[in-house]
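Q: I am in my first year and would like to take a close look at one part of a model, step by step. Please explain it in connected sentences rather than as a list.

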Amino acid sequence: MAKTLKRFTIGVDFGTLSCRALVLDAHTGEALGMGECGYHVYDQSLPCGAKLPERAALADPAEYLQALTAAVRGALAQSGVDAQEVAGIAIDATSMSVIPCDENGQPMCFQDKWKNEPQAYIRLWKSYTATREAEEIGAAARAEDQPFLTACGGYPSSEGIYPKMLETLRTCPELYEATSAYLDLNEFFTWQLTGALTRSTGSLGLKNYCPDGNTLPDAQFFARLHPALASTPDKLRGKALPWGACAGTLTSAWADRLGLPTGIFVGTGAIDGPISMVALGLHHSGDAMLTIGTSGVLSVVSDEWHPVSGICGQARDSLIPGLYGYDFCQSGVGDMFSWFVNNCVPARYEKEAAAQGVSVHTLLSRLGFAQPVRENDIVALDWWNGSRCVIVDQTLTGALSGLTLASTPEQIYRALIEAAAFGTRTLLEHGEACGVKVNRICACGGIAGKNPLLVQCYADILGRELAVSTLPNSAAAGAAITAAAAAGLYPSLQDAMAQLSQKQFIHYQPNMENHARYAPLYARYQQMRAFYAQKP
């Protein structure tokens with residue numbers, strides 16, 4: 001490491017509900033301070049009163065920018081670090097959260113003309129109003145055998161940027177024409193901090209369907225869909241950079257807002273789920289990371305290329321530079337558990353949880369997993385928010401099988417956890433059947449750290465050891481490590497990972513007796529998938 005007084009970096013993680021910032025000692029890997037600030041998801045109407053369509057999920061970029069300031073300043077205050085010793089900062093964010101901007105990188109909704117237009121706001125990953133457009137793009141691409149289909153497993157997602165661009169063009173063509181650039185959320189923040197437009201190979205490769213992490217799909221294909229879409233390459237312009245690369249330096253305006261020195265290095269933006277691979281040291285072929293949070297993500301790196309059908313994204317250099325990245329996703333995990341707790345649990349459970357000093361989620365887990373696995377247990381289908389991988393159809397819905405008048409909330413809650421684990425097992429087995437081998441799995445995410453019973457259930461159903469990170473926020477730590485590489489404190493991202501990544505894990509060994517008992521339940525789960533995936 002080069003000698004320097006600047007030995008600290010900051011990683012900022014933008015999740016669906018809040019922003020977390022972490023100050024990292026870039027010599028030792030120690031997390032020294034954290035800050036957090038929440039924001040809203042708008043699914044009924046915007047703050048201005050504009051009504052939203054069904055299945056919309058929007059966010060206000062003004063809230064996100066305020067959260068960035070509050071979280072970074074909070075982390076710095078808690079760390080006690082002298083801001084002058086901070087060498088760099090990097091941001092990760094939920095991907096497929098699309099934001100339209102003007103030529104200066106400012107959100108279109110900041111303009112008076114568009115402040116009441118939903119299409120001018122951040123359309124979050126779980127906004128599914130562009131399902132028809134995704135199906136249309138996919139059908140046209142398959143008819144022409146477009147090469148970009150390889151990167152998305154044959155089926156573009158309605159969460160993605162192209163369907164959302166086409167939706168804007170149809171519902172508000174004047175806004176589409178006025179928009180200078182469409183960005184994945186992490187790219188927006190990097191532009192804000194540096195004043196320069198750059199792109200992330202992670203976003204381009206996994207979410208914009210560039211198998212090589214750089215080359216965009218054929219512009220003429222989009223023009224055939226709609227003449228105005230010929231501008232797609234221009235609206236997605238910008239130099240593509242891998243994680244760990246330097247995207248620029250911090251502007252004086254943002255330095256003042258964040259309380260940091262002007263001109264420190266800003267790392268390339270990253271995707272919030274997979275960036276945890278950096279913090280967990282997962283950079284060898286066959287390494288996999290399981291993120292258990294609002295949604296579920298299974299990220300795998302390999303030194304071999306094996307096209308996988310029905311995958312969310314796959315591309316070279318999209319996760320760890322020099323390796324192929326494979327991104328498998330579940331559209332609803334934590335969201336599904338929260339839906340159940342918020343809508344289906346009697347008040348007496350809330351009272352009991354309060355008496356024990358635990359959350360309702362913890363109480364239901366304890367009660368549910370107190371019973372052994374039984375062949376006639378309830379089985380759930382984890383499509384509460386559609387199916388993102390293997391069977392790619394966001395219109396699919398969840399289901400419960402095996403309910404009786406004696407069924408209890410804890411039994412249903414446990415079935416939902418098992419369904420999420422069954423879904424992960426399906427993704428893992430599908431990838432390996434296509435040649436993507438997995439040698440070890442590390443887990444992270446808020447739920448993984450809070451619910452050991454859930455993690456043990458996953459290990460039992462997968463029949464594999466799971467190593468859970470003890471980091472308070474592995475995504476923010478991963479971003480901070482990429483910032484260390486971007487700032488030149490290490491020769492490469494891999495060198496930074498070798499020194500700074502997590503070395504301590506909680507290991508969950510599978511109970512193979514339970515694994516065998518889950519076999520008939522898993523078979524029922526697969527039968528339900530096949531049945532409910534059929535179209536009328």
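Through how many residues does a hairpin join S1 to S2, and what can be said about S2 and its surroundings?

A: The model shown here is a predicted one, and the description below should be read with that in mind. The hairpin you ask about links S1 to S2 through 3 residues. Strand S1, which covers residues 8–14, runs antiparallel to S2, and the two are paired over 7 bridges. Within this pairing, Asp13 stands opposite Arg20 of S2.

On its other side in sequence, S2 is paired with strand S3 (residues 31–38), again in the antiparallel sense and over 7 bridges. One of the bridge pairs here consists of Leu24 and its partner in S3, Ala31. S2 and S3 also form a hairpin, this one with 5 residues between the strands, and in its turn Gly29 has a positive phi of about 85°.

With both partners in place, we can turn to the strand itself. In a regular strand the side chains alternate between the two faces of the sheet. In S2, Ser18, Arg20, Leu22 and Leu24 point one way, while Cys19, Ala21, Val23 and Asp25 point the other way, and all of these residues are buried. Because 8 of the 8 residues of S2 (residues 18–25) are buried, the strand is largely enclosed by the rest of the structure.

It is then natural to ask where S2 stands in relation to the nonpolar cores. In soluble globular proteins, nonpolar side chains tend to be buried together. The largest nonpolar core of this model has 89 residues, and Phe337 and Tyr458 have the most contacts inside it. Helix H14 gives the most to this core, with 11 residues. Apart from that core lies another, of 43 residues, and Cys19 is among its members, together with Leu124, Leu183 and Leu250. Cys19 is also one of the buried residues of S2, and in this way the strand can be placed in the wider picture.

To return to the starting point, S2 is paired in the antiparallel sense with S1 and likewise with S3, and the strand is largely enclosed by the rest of the structure, since 8 of its 8 residues are buried.

Conventions
Residues are numbered from 1 along each chain as its sequence is written. This is a predicted model: local features need pLDDT of at least 70, side-chain atom pairs count only at pLDDT 80 or more; totals for chains, interfaces and linings use all residues. Side-chain values use heavy atoms; hydrogens and water are left out. A nonpolar core is a set of buried Ala, Val, Leu, Ile, Met, Phe, Trp, Tyr and Cys residues joined through side-chain atoms within 4.5 Å. Buried means under 20% relative accessible area, exposed over 50%, partly exposed in between (1.4 Å probe, protein chains only). Helices (H or I, at least four residues) and strands (E, at least two) are DSSP runs, numbered from the N terminus. Two strands pair if DSSP finds at least two bridges between them.
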